[in-house]
Each structure stands twice: as structure tokens, then as C-alpha cells.
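Here is the note you asked for on this model, set out as numbered points. Please read it alongside the sequence and the structure shown below.

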Amino acid sequence: MTSRIPRDSRLRLVRPRTLAAAPRAMTQRPARRPAPRPPEGTPAPAELARMARAVLAGAARVAHWADATLSPGPGPRRERDAEVSDSGSAENGSSGGKGTLSDAFAQQAATSLNLTPDQVRADWDIARLAGLIEVHGDTARPGWRLRAWNRDDSAVLRGWVAFFDAWSIAHPGPDGREPSAVAEVVSAMPQVLSFLQLSAGPVPVPQLLDLLEQRVTELRTERCEIPYGPQAEPVESPAEDTPLAPLLDWALHALAAVGALTCADGQATLTPLGSWAVWVKLEQICVAAQSPAGNIEQGAEDMLRGCAQLRPNAARAEYRAWLAARPVGSAVTELLAAARGEDALSRGLAFEALRVVGAPAEPDIRAVADETPLRPYALLWLAEHDGHDPEDAHLVLTREEATWLWVDTAAAVADHGEAPLLVRHLESAVQPTVPALLDEVRAVGHPRTVQVLVALAAAHPDPALAKAVRRAAFQVHRGG
């Protein structure tokens, strides 16, 4: 720990309605403002995606190989996923249900791809961080970003940003260094990256070190690290004795390894991809959803994405128009198919559209209530349909189901929302403390747990809480 003062990590309690309304929070946003233009000289999205594909080429190669090897043959998508799960549990020798590759699987992949087993494991870990591979219990399957890898530049960029956010997990801190000092450097690096982005060119490493030292000092001051009780003389924490220059060197080389910057001749420079990502974070924007124009002619998934940034009333009007243009039975089937996808935002919006359908959707929703990803949404829908007050509908969920829904909603916010919204999402957790939330999030086994925790750690302004969340993400990633 970096402080000798006991910290109160309790979450602020809120009314229970927050969890029940969590899926609807996606559409409760301020009116859309014109999207800021990126800095002059920023490559086009297609070129940025090409750079991201190059950085993640090894991870995508291993993920595609695993997909082809573990799910051969034709058949409906759902059957292939089941085959991936069955074969994955036998082949990947996952430890503790966390998708850790066995020696046999790593060797098989290495032989096929002309790599070493260590390279396969490294690429596999990157694929998981980037969302190309998702771990479900004791099995692994391709993520939605892998399915869209060759056709959707925004999916590729989102995958790279997830990898970029997890740079300190992909490349852990050097051995022998004080963990609290490492955590302080990780917390301070966003300011260093912002300075690099604003500088728009090479910056000498000594200048970055000065900035890092200033920011770390600010973090320590904000925490008020004053020893408890009478002291004969000032006592320094172990972190204060740790030189920051080696840790800055580690951080810069770790960020270089994920493709965010280059570091040579005593200077650091953001790559075009890194500069764009930092600018996006500074502006707190997300990839724009499709325009609502023409949604009636779209399939369910595209229609839902087109409605993602509409206010609730406008979105419901779009749902009604879309439903009026097709038979109810096929519309419900199409919405549930979209809900089964890997995009959590589409899942939440699909059940909002099903609320507009009403009673005709009840048999189909009851039929899917045993499917783990859909169960919390289906139970809430059925509770409201059966007459429960929407504010109390969440009471039908078990603690585990509520936690799964919390992670799923957080994944939607991380993919499509803004950082402050993700921080506010903490308030909807049923757990009274952060440690309890992290313990139950780890136990629930949601495939997006690592990405959610990494995004939350990057977004939260409290360094101590961000450190705890980041540690939990690292533990989940390493199978703990």
C-alpha cells in the first residue's frame, strides 16, 4: 500500500432503480454536439486501421488459427460456437476457467504457424486484451472484433484501443521495483501522453521525466500520505525511494511495444495511431453510430446501432417504425439474434426494442431466459411484463445475475460511451464496496471482464481505486 491511512473504499449507495435502468443508460445522453475534427495531419480512419491491423497482426493470426482449428466445418453460428467451446475445453487446457493455453495447444499452434510456443502464448494474450478472443468459463471463442476484422475498420480500432489501454498488463512492470511506485507511474502516464500529443513531435526523455515526477508528486499530495500517529521524524514510503527514470523507460518501451509511440535517440514521439488515440481520449468522443436515417430498411443489428445515440423517446419511435415494417415473429427472432451477439450495447438495445413489442414477444423471451448472456435482460423484461414496478424489477435477479449484467453494461459503456459515464456506472453495482465488487466480478466469469476493468481503471480519477481495479484486471488476465 502507498498510504498508512486506512482508506474507505465503500461505494456511494444509490437507489436500487439504477441497476434496473442500467441497460437504458446507454441512450440517456446529452444532445449530440458536432464531432471535433482531429488534428491536422491525422491519417484517415482506413489508414489508422491499417496501422492497427499491423500492430495486432500476430494476435489476429493466432486467433484466426484457433477459430479455424477449433470450429471446422459448416453449420449455424451458434453450433460452431458450441464446437469451439467443447474443443477449446479439451484443447486449450484452460486453468481455473481463464483460457490459459496448455503446452499441447501452444505447441500445435506453434507448429502450424511456424512460431515458438512462447510467441503463441504472447499473441494469445494480446488477442484476449484486444477482444479478438473471449473467454467464457473454461472455454474460449472468437470475439466479435475477429468476425469483423477484415471488413470493419472501427472494430479494428476499438480492439487496438483496448490493447493500448492495457499496455501495463501486456507488459508488466519490471521485477524488483516497488509495486506502489509502478502504480503511480501508470496513473501518471496519461498526462505524459497528453503532453506528447500536444507537442506534436519528438520530446526529450528528460523533459518527460520532469513531467512524470511532477505528476507523481501531485498524486502523492492528493492522497495526503501522512503517517498515522506521532513520528520522531518524517518517514518516507517505499515508493518515494524508488527512482522514476527506470520506470519511465519501462513505460515508454511498453507503449512502444503496443504501437503508441517510438523511443530513440533520447526522444519519444507518438505514432500517428497513438496520437489519434490520445486525441480521442482527450476529446472524450466515441466512434459515431450510424445515422438513424434509413433504419427501417436495416437489419436488427444495424438498426440498433443506428439508434444507439438517440434519446429514449426518439429511439422508441424508431423501434416502432422498424417493427411496423415486418412481421412480429420474424422481428422478435431477429432482435434476439442481435442480442446474442458479442456487442453488449446491441444486447441492451435489443431488449429495449422488445419492450416496444410487448406481449407477442413473451414466449420467445421465456425461451431464452436460460441462456447466460441473455438471462438478466430476459428476467427484467419478464418482471416488467408481469407487472413489477420497473424500479423494483431488479429484485428478480440473483446477485450473480446482477453482477453479470453490471459487467455487460460496463462493456457497452467502455465500447460506446464516455469515460465519465463508465465511472458513474460504479454507482449501479449492488456490492457495497469496491473490493466486494471486484471479487464478485472476477467470480462471475464474464468474457469482457479484463477489458471492462482496464477501461474503468483508465477512466477513474481516484488513483488508489484505479490501482485496485488495475490489479484485479491483471489477476483475471493471468488466471487468478
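1. Accessible areas here come from the Shrake-Rupley method with a 1.4 Å probe. On that basis the protein, which is a predicted model, exposes about 21,600 Å², and carbon and sulfur atoms supply 54% of this area.

2. As to overall make-up, the secondary structure comes to 24 helices and 5 strands, and 48% of the 480 residues count as buried. Among the contacts with a separation of 6 or more, 70% are accounted for by residues 24 or more positions apart.

3. Helix H6, which covers residues 117-129 and so has 13 residues by the numbering of its ends, reaches 19 Å from its first C-alpha to its last, close to the 18 Å expected at 1.5 Å a residue. After the helix comes glycine 131, whose phi is positive, near 80 degrees.

4. Which residues of H6 are buried? They are Val120, Asp123, Trp124, Asp125, Ala127, Arg128 and Leu129, a list that includes the charged-type names Asp123, Asp125 and Arg128 beside Val120 and Leu129. As background to reading such a list, an α-helix has 3.6 residues a turn, so residues three or four places apart point the same way.

5. Strands E4 (residues 261-264) and E5 (residues 267-270) run antiparallel and are joined by 4 bridges; within this pairing, leucine 261 has leucine 270 of E5 as its bridge partner. The hairpin that E4 and E5 form has 2 residues between the strands, and aspartate 265 takes a positive phi there, near 55 degrees.

Definitions and conventions:
Residues are numbered from 1 along each chain as its sequence is written. This is a predicted model: local features need pLDDT of at least 70, side-chain atom pairs count only at pLDDT 80 or more; totals for chains, interfaces and linings use all residues. Side-chain values use heavy atoms; hydrogens and water are left out. Buried means under 20% relative accessible area, exposed over 50%, partly exposed in between (1.4 Å probe, protein chains only). Contact means heavy atoms within 4.5 Å. Two strands pair if DSSP finds at least two bridges between them.
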